[in-house]
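Q: Please take a close look at the contact with me, and then walk me through the parts around it. I am new to this, so explain each term as you go.

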There are 2 protein chains.
Amino acid sequence: MAFITMQTPRNTKVFVPALTPFHADLSVNKPAFITFCRWLVSQGAGLAVFGTNSEANSLALSEKLELLEALVEAGLPADAMMPGVGLCALPETIALTRRAVELGCAGALTLPPFFFKPATEDGLFAYYAQIIEAIGSDGLKVYLYHIPQFTGVPISCALIERLLKAYPQTVVGVKDSSGDWGNTERMLREFPGFEVFPASEALLEKALPLGAAGCISATANVQPGAIAQALQLWGSAQFEAAQARLKSVRNLFQAHPMIPALKHVVASHFGDSGWRHVRPPFTAADGAWADGLSQQLAQLDFRMGQA
Amino acid sequence: MAFITMQTPRNTKVFVPALTPFHADLSVNKPAFITFCRWLVSQGAGLAVFGTNSEANSLALSEKLELLEALVEAGLPADAMMPGVGLCALPETIALTRRAVELGCAGALTLPPFFFKPATEDGLFAYYAQIIEAIGSDGLKVYLYHIPQFTGVPISCALIERLLKAYPQTVVGVKDSSGDWGNTERMLREFPGFEVFPASEALLEKALPLGAAGCISATANVQPGAIAQALQLWGSAQFEAAQARLKSVRNLFQAHPMIPALKHVVASHFGDSGWRHVRPPFTAADGAWADGLSQQLAQLDFRMGQA
């Protein structure tokens, strides 16, 4: 650690790609979603609703607009929200981003257009530029979403540099879900002040010393309070144990299909088996491995937190 | 050729993933789209509107619904239409498919859900099954769309077999855009009677003897009449020359970004430079290579056909 420059501590944050609950007919269970998001906020987490682990790309644009409005109407704090807004088609991305800004959301987590590949840097720059120009608001804070294993369209450091130069007040951060620590490290070192969020709480010990903004993590759905607490403990003697604990829990989930596994555990916590529904192409947690996961979590004395 | 069993000649067809024209502000140019589709039909082609080369995944659902309705209102024959209907989210795919069936479209070209990967065979089967059950109409004819280089989600022969067993009257064909002839050949041999469309007119000489249904090809945007004619010439002495000619033209386009190249040539043909607009992540045809392409086509004495 001797050669790592410690950044000034910043106001770090955990954002949760909040799971989306469905009824048996696979329509969205809006009340359960609001209840869940309220619980996440009560645990000290921000809401990256409509992230990958929200099954965002299995939700219609109209459903996302309705859910975002419902959260704000229910009194949840828009300044703790960073909804995923990146869709395939520019007009739809603009529509969702515009609504997020109007509602006062803290940020807009924006996938690149993810069907056509390979995409050129010019094409991706034009895509983001058109969103930003179309919204034309100081209230827009764009967080780029780098998740090449799903999009096939990476967000390169060259693209970030170009966007930062053109829109320094608007393009403010990135979520790096690549799972490639070398890439996260490069983003952290090349763009000081830029808010870099690794996609796992297991990376906090490596990312925080380099100035990471916190994390946006699938497993924050089940341990939001513990992650928020670990962020507060950073720099203290207790951080190491907190980090180790976060990792043990995360490792258990990573051995299974993530979304069904998370929904299985949330279903148990809230005593609502309907939480286990997923939209295809996902399939619900299977009895055998799901029971095994529950047992492993029990052995760790894992609890999601007060409901 | 001696070991290839010649299938009974069938009513083969060329479908065009019709390009989508945009105004300078990148809104859809509906009149130009209708004019173009009318021209394609006049050349003897069917309309696979909202295909990959239509920039379908850069179009909003609302734009697709509006364009499809506009085509039918303009008197274009719905029984010559096989719109691309496969979006990421099941409810949106169902909405577009339902409208296509209501309008009397001959088929629905259906991508798998293309964000989450890898997808399981169970999950993909459930996805297609839910579309089919939700529509619940004999009028629905599903054509599966295999284009793994863009989706990351292949349509396997095992999945086809399972869908054919469950929905033999509804799942009627596949477009194979993999570019892997071995895969196309396997689909043709394993599923006799199933309508297999290779994604290039260059493959007709190999695919027609095995019973292919025709082709659905990007370059059918610029040589629809020539492809339709080649299909009619199949089995005659003139087919070989027609096939060679189709290949020479296609090869020229394959050396460039396909959509910008096609739009460049269509713009010249219709004398409307607005045709060159593309939505990001694409970038419009660049002067240097576009001029070179025009010259090469002129050297081939290429003409799109009577406008």
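A: Let's begin with the word itself: two residues are in contact if their C-beta atoms, placed from the backbone, lie within 7 Å. What you see is a predicted model, where local features need pLDDT of at least 70, side-chain atom pairs count only at pLDDT 80 or more, and totals for chains, interfaces and linings use all residues. Residues are numbered from 1 along each chain as its sequence is written, while chains are lettered from A and ligands numbered from 1 in the order in which they are written.

Now to the contact. Chain A brings 30 residues to it, and chain B brings 30 residues as well. On the side of chain A that touches chain B, α3 (90-102) and α4 (121-135) each supply at least two residues. Such names come from DSSP runs numbered from the N terminus: helices are H or I runs of at least four residues, and strands are E runs of at least two. The largest share of this side, six residues, comes from α4(A). Sorted by kind, the residues of this side of chain A are 19 nonpolar, seven polar and four charged. Here Ala, Val, Leu, Ile, Met, Phe, Trp, Tyr, Cys and Pro count as nonpolar, Asp, Glu, Lys and Arg as charged, and the others, Gly among them, as polar.

How do the two chains relate? A turn of 180 degrees with a shift of 0.0 Å along the axis lays chain A on chain B with an RMSD of 0.0 Å. That is the relation of a two-fold axis. The copies are superposed by least squares on the C-alpha atoms of residues with pLDDT of at least 70 in both. The copies meet through the same surface, because 100% of the interface residues of chain A are also interface residues in chain B.

Next, step back to chain A as a whole. Chain A has 12 helices and seven strands. Its C-alpha trace spans about 50 × 50 × 35 Å along its principal axes. Of its 307 residues, 50% count as buried. Buried means that 20 or more other C-beta atoms lie within 10 Å of the residue's own; with 12 or fewer it is exposed, and in between it is partly exposed, with C-beta atoms placed from the backbone. Among the contacts in chain A with a separation of 6 or more, 68% join residues 24 or more positions apart.

Inside chain A, look for the open sheet of three strands, ordered β2-β1-β7 with parallel pairing. Two strands pair if DSSP finds at least two bridges between them. In this sheet, β2 (46-47) and β7 (214-216) of chain A are at the edges with a single partner strand each, so one side of each has no neighbour in the sheet. Strand β1 (residues 13-16) of chain A runs parallel to β7(A), joined by three bridges. In one of them, A:Lys13 has A:Gly214 as its partner in β7(A).

A little further along from β2(A) comes A:Ala48, in the loop between β2 and α2 (61-73) of chain A. A:Ala48 counts as buried because it has 30 C-beta neighbours inside 10 Å. Leaving out residues up to four places away in sequence, A:Ala48 touches several residues, including A:Phe15, A:Val16 and A:Ile216.

For a second sheet, turn to chain B. There an open sheet of four strands follows the order β3-β4-β5-β6, with parallel pairing. Its edge strands, β3 and β6 (195-198) of chain B, each pair on one side only. Strand β3 (residues 108-110) of chain B runs parallel to β4(B), and three bridges join them. B:Ala108 has B:Val142 as its bridge partner in β4(B), and B:Leu109 stands opposite B:Tyr143.

Strand β4 (residues 142-146) of chain B is mostly covered, with five of its five residues buried. As background, side chains in a regular strand alternate between the two faces of the sheet. In β4(B), B:Val142, B:Leu144 and B:His146 point one way, B:Tyr143 and B:Tyr145 point the other way, and all are buried.
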